[in-house]
Amino acid sequence: MSIILKSYVEDRWFTPESGFVDIPSAIDGRVVARASTKDLDFAAALGHAREIGGPALRALTFHERAGMLKTIAVYLNERKEELYQIAFDTGATRRDNWIDIDGGIGTLFAYASRGKKELPSERFVIEGETEGLSKGGTFVARHILTPLTGVAVHINAFNFPCWGMLEKLAPTILAGVPVITKPATATAYVAEACVRMIVESGILPKGALQFIAGSTGDLLDHLTGQDVVSFTGSADTSEKLRNHPAISRNAVRFIAERDSLNAAVLGPDAVPGTPEFDIFVKEVAREMTVKAGQKCTAIRRVVVPRAQEAAVTEALKAALGKAVPGDPRLDETRMGALASRSQRASVVEAIEELRAEAEIAFGHVDIAGGEGAFFAPVLLRCDRPLKAAKVHSVEAFGPVSTLMPYDTLDEAVELVKKGEGSLVASVYTYDADVADALIFGIAPYHGRVLVLDRDCAKESTGHGSPLPGLVHGGPGRAGGGEEMGGLRGVFHYMQRTALQGSPERIAAITRRWAKGAAAPVTPEHPFKRNYEGLKIGETVETPSRTISLEDIEHFAHFTGDEFYAHMDEEAASANPFFPGRVAHGYLILSFAAGLFVDPAPGPLLANYGLDNLRFLKPVSPGDSIRVRLTVKDKKAARSPEYGEVRWDVEVFNQDDETVARYDLLTMSARTAA
């Protein structure tokens, strides 16, 4: 019995009453769900997100939003078996669904971790250092990123109903922007089950997440310049969306991840018997059969040296012959079905179009009986791919690839480039020169390039696996957008603004001290204060210490660093950077620490690193140094017992010239809650 899918808008479930579209099972064609958005008020949904969801999310810090993502991930992980059972009707095997379901949950975990580690416990992000804008230093600028005040509209593809939704949701919620997500109708029943779990968890604030099961109606008509549309799907649909009057008129941010004819290139050194040849065959066969080839990252063009074409063909035929489509619910099934019979018909139509330039080397287009959407792998061969057009522009979105021989590396590069932009390409070689020529020839046309060889194959995630820390997107045909990519994915939903003003004002706004802002010297050493007690800008001014020749020689002998600039007057004088023998840079750092460190036990727990260290002027024997230590920035750490404090350290000589500057990172104890 089929279910009626509901949309979740304005924090309640909307049940449609008419206008239904039937959604068939990929296994046997029975109707498993029905969807409709007739009578849904899309303008009200957008208004609810802007007026309720946005303010609620923006009131939270990045760390609080990251905490919500982690809690959601844990909640879904405990209930994922229900999603597995529902998802079988999409035609995906359990292995395929692991990519979709566990992959989506894993992306939530990944962004939760990045939010805690890489973003401040604030509601904005500082980007870059202070820019000086005046000679006297009283006028400066600094860039910040703040959440957009609109809505992120996510339009997803049918092939990954969980991962496709969650990989967009994670960076958007972390950025502080509410989401309206619309899955492809063909597999919307899986996405609805996932959203229902998230809603039932009660973790997200009201208005932060809304869900549409069915068409988008007039949703796009109400978009503004503060909104974002993130789309995954075909190039034709992407073009229609991008050219929507409201999107064009209001300069709505548009992120597209579209179909692309991704390539795998076998290097001329990877002959039969080499590990790279075997890895290549295994990877191509896997990419053709996982998710029945229904992946935007799947290998569509198999580019091989003409001398190895016959060997590659035979090896692929043997590997693909083992991939017999079957019931995805059975553990022994290696390859499931396409998402629907209509999708299967589209694949057959695309193959027939490709056959104008290519012949079938393995498989056939005869469709077996039954109500399911099963389809066996098809390998095509194009003898003159440089003269062809369709094999570089027509995508059969299923278990279909085209073999293309090349004679030179330049030809291989040109073949790959004829795809006019792809999400990913992979190169299989153990020759450094071959790798160099291929990578730099094709990199401008790709969002990601994998160099796969015997050294990394065992641990490689493979050609077709997008990862949260890497860019997922590509130029040209692939859509020109970027998703994920670590914090890049978060910043898509934020506005970059240049703040200009006095150092004091900019420091106060950004909660980060900069040179030129007030730096009051405190009567009590800051190391004696806990995290909460430290104030941005508080400063320690140390007394001076003279560095002698004996100090330099002792440090050299003690550490073993007897570089001539410290030990040989004549050689040092001949060096254009030094006036003669000079102190070690690390001697300066050590003496500086000795000047500003408070030795008694206290709330400062540990020094765990230096950033941005520069030695700006040499220190000669007889020079003296002093230090100014200023609280530059504070960041709550993962543990509630301590927080990270960043100190600006500037070391001066006896003439008040800066000889060294760096950021000191410490952990300071926090007040018990």
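Here are some short exercises on this predicted model, each with a worked solution.

Ground rules: residues are numbered from 1 along each chain as its sequence is written. Local features need pLDDT of at least 70 and side-chain atom pairs count only at pLDDT 80 or more, while totals for chains, interfaces and linings use all residues; side-chain values use heavy atoms, with hydrogens and water left out.

**Exercise 1. Salt bridge within a helix**

Work out where Glu-283 and Arg-286 sit relative to each other, and how exposed Glu-283 and Arg-286 are.

Solution.
- Start with the criterion: a salt bridge is a side-chain nitrogen of Lys or Arg within 4 Å of a carboxyl oxygen of Asp or Glu. Glu-283 and Arg-286 satisfy it at 2.6 Å, N to O.
- Next, place them. Both belong to helix H9 (residues 275-289), three residues apart, about one turn of the helix. Helices (H or I, at least four residues) and strands (E, at least two) are DSSP runs, numbered from the N terminus.
- Now the exposure, where buried means under 20% relative accessible area, exposed over 50%, and partly exposed in between (1.4 Å probe, protein chains only). Glu-283 is buried at 4%, and Arg-286 is partly exposed at 31%.

**Exercise 2. Salt bridge across the chain**

Find which parts of the chain are linked by Arg-670 and Glu-532.

Solution.
- Check the pair: the closest N and O atoms of Arg-670 and Glu-532 are 3.3 Å apart, a salt bridge.
- Then locate the partners. Arg-670 is in the segment after strand E28 (658-669), and Glu-532 is in the loop between helix H15 (503-510) and strand E23 (539-541), so the pair links distant parts of the chain, 138 residues apart.
- Finish with accessibility: Arg-670 is partly exposed at 28%, and Glu-532 is partly exposed at 31%.
- For the wider picture, shared partners join Arg-306, Glu-309, Glu-359, Arg-381, Asp-383 and Asp-407 into one salt-bridge network. The structure holds 44 salt bridges.

**Exercise 3. The largest cavity**

Describe the lining of the largest cavity, and say which helix gives the most to it.

Solution.
- Set up the search on a 1 Å grid over the protein atoms alone: a cavity is a set of points where a 1.4 Å probe fits but cannot get out, a pocket is an open set with protein on both sides within 12 Å along at least five of seven lines, and lining residues have an atom within 4 Å of a point. Points are joined across faces, edges and corners, and a volume is the space filled by probe spheres set on them.
- Count: there are five cavities of 30 Å³ or more, and the largest has about 70 Å³ of space.
- Look at the wall. Helix H5 (residues 163-175) gives the most, with four residues. Among the lining residues are Trp-163, Glu-167, Lys-168 and Cys-296.
- Sort by class, with Ala, Val, Leu, Ile, Met, Phe, Trp, Tyr, Cys and Pro as nonpolar, Asp, Glu, Lys and Arg as charged, and the others, Gly among them, as polar. The lining has four nonpolar, four polar and three charged residues.
- Zoom in on two of them: Glu-167 and Lys-168 form a salt bridge at 3.7 Å between the closest N and O atoms, and both are buried.

**Exercise 4. A cysteine in the cavity wall**

Explain why Cys-296 has no disulfide bond with Cys-162.

Solution.
- A disulfide is a pair of cysteine sulfur atoms within 2.5 Å.
- The closest cysteine sulfur to that of Cys-296 is in Cys-162, 16 Å away, so it's too far for a bond.
- Cys-296 itself is buried at 12% relative accessibility. The count of disulfides comes to zero.

**Exercise 5. The largest pocket**

Find out which element gives the most to the lining of the largest pocket.

Solution.
- Begin with volume: the largest pocket has about 930 Å³ of space. Of its 38 lining residues, the closest to the centre are Phe-158, Gly-233, Ser-234, Thr-237 and Gln-343.
- Strand E11 (228-233), helix H7 (235-242), strand E12 (253-258) and helix H11 (341-354) each supply at least two lining residues. H11 gives the most, with seven.
- By class, the lining has 16 nonpolar, 13 polar and nine charged residues.
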